[in-house]
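I opened a fresh page for this one and went through it a stop at a time. Here is what I looked up, in the order I wrote it down.

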Amino acid sequence: MKVVLFCGGYGMRMRNGASDDVPKPMAMVGPRPLIWHVMRYYAHFGHTEFILCLGYGAHHIKDFFLHYEETTSNDFVLRGGRTELLSTDISDWTITFAQTGIESPIGERLRRVRHHLDGDEMFLANYADVLTDAPLDEMVETFSRRDAGASMMVVPPQSSFHCVELGEDGLVGGITAVSDLPLWENGGYFVLRQEVFDHIPENGDLVADGCGGLAKEGRLLAQRHRGFWKPTDTVKERAALDEAYARGDRPWAVWERDGVGV
């Protein structure tokens with residue numbers, strides 16, 4: 001299945017100043033940028049046809065793949081001055097680079113790459129900056145058996161804040177961690193059918209319009225995941241992932257479970 005990745009946003013909370021024009025998906029986690037980790041996850045499950053919805057800082061993403069160094073994350077032999085790779089990352093990947101606008105909302109970015117889907121009835125879509133260990137093969141199989149136009153992975157609330165119950169007299173009746181509430185957040189990792197396009201208007205949004213419209217018709221499937229899931233909206237969150245990678249704590253690297261990759 002083709003994988004559409006949204007990687008054209010500004011990522012303002014990840015930037016270190018006005019001179020920093022590196023898009024969020026290019027923030028480093030270990031020796032590779034976030035977008036590589038997301039793509040490597042999909043490739044592990046056999047999905048190696050990618051459509052990148054580019055926007056802000058697109059040249060950084062293009063340059064990374066145009067000048068990709070396999071030796072950064074693969075073992076190799078240097079013989080007679082020539083490199084012999086013992087394994088590869090992206091040799092079997094097909095990547096379409098599509099400029100989808102600087103200011104375009106995600107739904108519009110998806111609309112602008114629809115022709116690259118070649119009419120495929122089902123396809124995958126995701127943000128390019130969220131890591132997980134979710135069983136993608138099971139989510140795809142579940143969705144394929146259901147009569148739904150789209151599915152989104154949902155995760156427990158990630159906030160560390162607490163909700164406070166107040167009485168009419170101002171006294172606190174209870175305090176509950178947000179993460180303990182019976183609520184679920186959009187975690188990305190969408191499995192979609194072409195039907196979603198019927199609900200996304202020009203300059204529309206994938207979640208509010210596309211998924212929202214399908215939900216009203218009872219055709220949006222939620223796939224719960226309580227395992228590892230981490231967004232990287234801030235410098236702090238990216239740094240935490242980088243530190244975890246350095247100490248070998250990287251549950252999102254499902255490809256390493258088979259002893260493949262670095």
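The entries below start with the whole chain and then move to single residues.

**Entry 1: the whole chain**

I began by noting that this is a predicted model. I then counted secondary structure and found 6 helices and 16 strands in the protein. The radius of gyration came out at 20 Å, close to the 18 Å that the globule rule gives for 262 residues, so I wrote the protein down as being as compact as a globular protein of that length. Along the principal axes, the C-alpha trace spans about 80 × 45 × 40 Å.

Next I looked at contacts with a sequence separation of 6 or more, and found that 74% of them join residues 24 or more positions apart. Buried residues make up 47% of the 262. For the accessible surface I noted about 13100 Å², with 49% of it belonging to carbon and sulfur atoms. I also tallied charges: there are 26 positive and 39 negative side chains, and the centres of the two sets lie 2 Å apart.

**Entry 2: the core and helix H1**

Which members of the largest nonpolar core touch the most other members? I found Val4, Leu5, Tyr42, Leu52 and Leu110, out of 70 residues in that core. Helix H1 (residues 34-44) gives the largest share of this core, 8 residues.

That sent me to H1, which is mostly covered, with 10 of its 11 residues buried. The buried ones include Trp36, His37, Arg40 and Tyr42. Just after H1, I noted that glycine 46 takes a positive phi of about 90°.

I also followed leucine 52 outward, leaving aside neighbours within four places in sequence. Its contacts include Ile35 and Met39, both of which are on the list of buried H1 residues. Leu5 is another of its contacts, and so are Cys7, Ile61, Phe65, Ile95, Thr96, Phe97 and Ala98.

**Entry 3: two positive phi angles**

A reminder to myself: most residues other than glycine have a negative phi. I therefore stopped at two residues that are not glycine, tyrosine 189 with a positive phi of about 50° and asparagine 203 with one of about 60°.

Tyrosine 189 sits in the loop between strand E13 (185-186) and strand E14 (190-193). Asparagine 203 is in the loop between E14 and helix H5 (206-216). Buried or exposed, I asked of tyrosine 189? Tyrosine 189 has a relative accessible area of 2%, so I entered it as buried. Asparagine 203 has 48% and is partly exposed.

**Entry 4: tryptophan 229**

I moved to strand E16 (residues 229-231), where tryptophan 229 lies. Its relative accessible area is 8%, under the 20% cut-off, so tryptophan 229 counts as buried. Beyond four places in sequence, I listed its contacts as Val130, Leu131, Thr132, Met153, Val155, Gln158, Glu185, Asn186, Gly187 and Tyr189. The last of these is the tyrosine with the positive phi from the entry above. I also took one C-alpha distance: tryptophan 229 and alanine 134 are 95 residues apart in sequence and 7.9 Å apart in space.

**Entry 5: three charged residues**

Aspartate 120 is in the loop between helix H3 (106-112) and strand E8 (122-127). At 25% relative accessibility, it counts as partly exposed. Which residues does aspartate 120 touch, not counting those up to four places away in sequence? I found Lys2 and Gln194. The C-alpha atoms of aspartate 120 and glutamine 194 are 7.6 Å apart, with their places 74 residues apart in sequence.

Glutamate 165 lies in strand E11 (residues 162-166) and is partly exposed at 47%. With the same four-place limit, it touches Leu171, Val172, Gly173, Gly174 and Thr176. Arginine 145 is 20 residues away along the chain, and I got 41 Å between the two C-alpha atoms.

Arginine 224 is in strand E15 (residues 220-224). Its relative accessible area is 64%, over the 50% cut-off, so I marked arginine 224 as exposed. Leaving aside neighbours within four places, its contacts are Val154 and Trp184. For arginine 224 and asparagine 74, 150 residues apart in sequence, the C-alpha distance is 34 Å.

Technical notes. Residues numbered from 1 in each chain as written. Heavy atoms only, no water. Core = buried A, V, L, I, M, F, W, Y, C linked by side-chain atoms within 4.5 Å. Buried < 20%, exposed > 50% of the residue type's maximum accessible area, 1.4 Å probe, protein only. Helix = DSSP H or I, 4+ residues; strand = E, 2+ residues; numbered from the N terminus. Contact = heavy atoms within 4.5 Å. Rg over C-alpha atoms; globule rule 2.2 N^0.38 Å. Areas by Shrake-Rupley, 256 points an atom, 1.4 Å probe, with all protein chains shown as cover. Lys, Arg positive; Asp, Glu negative; His and termini not counted. Charge placed at Lys NZ, Arg CZ, Asp CG, Glu CD.
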